[in-house]
Structures are given as C-alpha cells and as structure tokens.
Amino acid sequence: LYIGDPGQSSWEEINFEPAGSGNRNYGWRTMEGAHCFSPMNGCSAAGLTLPIVEYPSAQGCAVIGGFVYRGSAIPSLRGAYLYGDFCSGEVRSFRVSGGGATDQALLLSTGLSISSFGRDANNELYVLDAGGGVYRIEAQ
C-alpha cells in the first residue's frame, strides 16, 4: 500500500505499507516526512515508520498519490509507482526494492494542477487536472 501524505508545512511524503504488515505509526504529529515537526528539534523517531520518499514543499505543495503501473503500453514503467504534485504539475515514479525507493525519476512536467490519478480496465494510468481535464499517461 502506497500512501501519499501531503505535508503540514515543509515536507511532502509517500509512505509504504508492505503486504502482510500493519498497525504502523507513520509519525504524525511528531514528524513531517523524516524531520521533526512537534517538537521542531530533538524529537524521537523510535517506533515510527519514516517515509519511503519525501521532498520539500518548496518543490511543490501537495503530493498526490497515484498507482503502481501495471499496464502494457509503457513496459519500462511496469511495477513503478507513479505520483504527482498539485502545484508543480510533475509526475514522478519510483520502485520499491529491499525496503527502499529505487529508480526515482521525473517522468513529466505537465503544467497541470494534478488532483488525482485514475486507472482504466487495461491498467493504463490517467492524470486528472483540478480544472477538469483527464489525460492518459503515454510514452514520449
């Protein structure tokens, strides 16, 4: 399970819940991403699960969770998790391997206000724009 978690003020994060696990504490209210939030300094991350991916809010403003790509139109993306940001309009991806994020990549700079992702019957992915547009993700 991938969990896109918009930050409180400084960090956007994606958490990862492996199959068969559960009852994890992803740090709210102590942490924002992998950084102390309350208190701002000297917090303890003991017993918390830190995000698999994070980025500063200065690079966007609200992470928008997506899907693992399972379509066939873009074979190089199979198994990668795609997500976006509402303000930057960027679509990014990564894979999970050995409990960490690998193959992180910027896929698209769309200029959209990404509000959600969708998936069709063939597992192809779509980006939804807050202005009402729906766009299929295609190979460039």
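**Exercise 1.** Sort the lining of the largest cavity in this predicted model into nonpolar, polar and charged residues.

*Solution.* Start with the list: Tyr55, Gln59, Tyr83, Gly84, Asp85, Ser88, Glu90 and Arg92 line the largest cavity. Next, apply the classes, in which Tyr counts as nonpolar, Asp, Glu and Arg as charged, and Gly as polar. The tally comes out as two nonpolar, three polar and three charged residues.

**Exercise 2.** Work out which elements give two or more residues to that lining, and which one gives the most.

*Solution.* Lay the residue ranges over the lining list. Two elements pass the cut of two or more residues: β7, spanning 81-85, and β8, spanning 90-97. Of the elements, β7 gives the most, with three residues.

**Exercise 3.** How many cavities of 30 Å³ or more does the structure hold, and how much space lies in the largest cavity?

*Solution.* Rolling a probe the size of a water molecule over the atoms shows where empty space is left. With the cut-off at 30 Å³ or more, the structure holds one cavity. For the volume, about 50 Å³ of space lies in the largest cavity.

**Exercise 4.** Map the open sheet of three strands: give its order, its edges and the angle between neighbours.

*Solution.* First the order: it reads β10-β11-β12, and the pairing is antiparallel. Then the edges: β10 (114-119) and β12 (134-136) each pair on one side only. As for the angle, neighbouring strands here are turned by 25° against each other on average, direction ignored.

Now zoom in on one pairing. β10 and β11 (residues 125-129) run antiparallel, joined by five bridges. Pick Ile114 as an example: its bridge partner in β11 is Asp129.

Methods:
Residues are numbered from 1 along each chain as its sequence is written. This is a predicted model: local features need pLDDT of at least 70, side-chain atom pairs count only at pLDDT 80 or more; totals for chains, interfaces and linings use all residues. Side-chain values use heavy atoms; hydrogens and water are left out. Two strands pair if DSSP finds at least two bridges between them. Helices (H or I, at least four residues) and strands (E, at least two) are DSSP runs, numbered from the N terminus. Axes are lines fitted to C-alpha atoms, for helices over the stretch in contact, and angles run from 0 to 180 degrees between N-to-C directions. On a 1 Å grid over the protein atoms alone, a cavity is a set of points where a 1.4 Å probe fits but cannot get out, and a pocket is an open set with protein on both sides within 12 Å along at least five of seven lines; lining residues have an atom within 4 Å of a point. Grid points are joined across faces, edges and corners, and a volume is the space filled by probe spheres set on the points.
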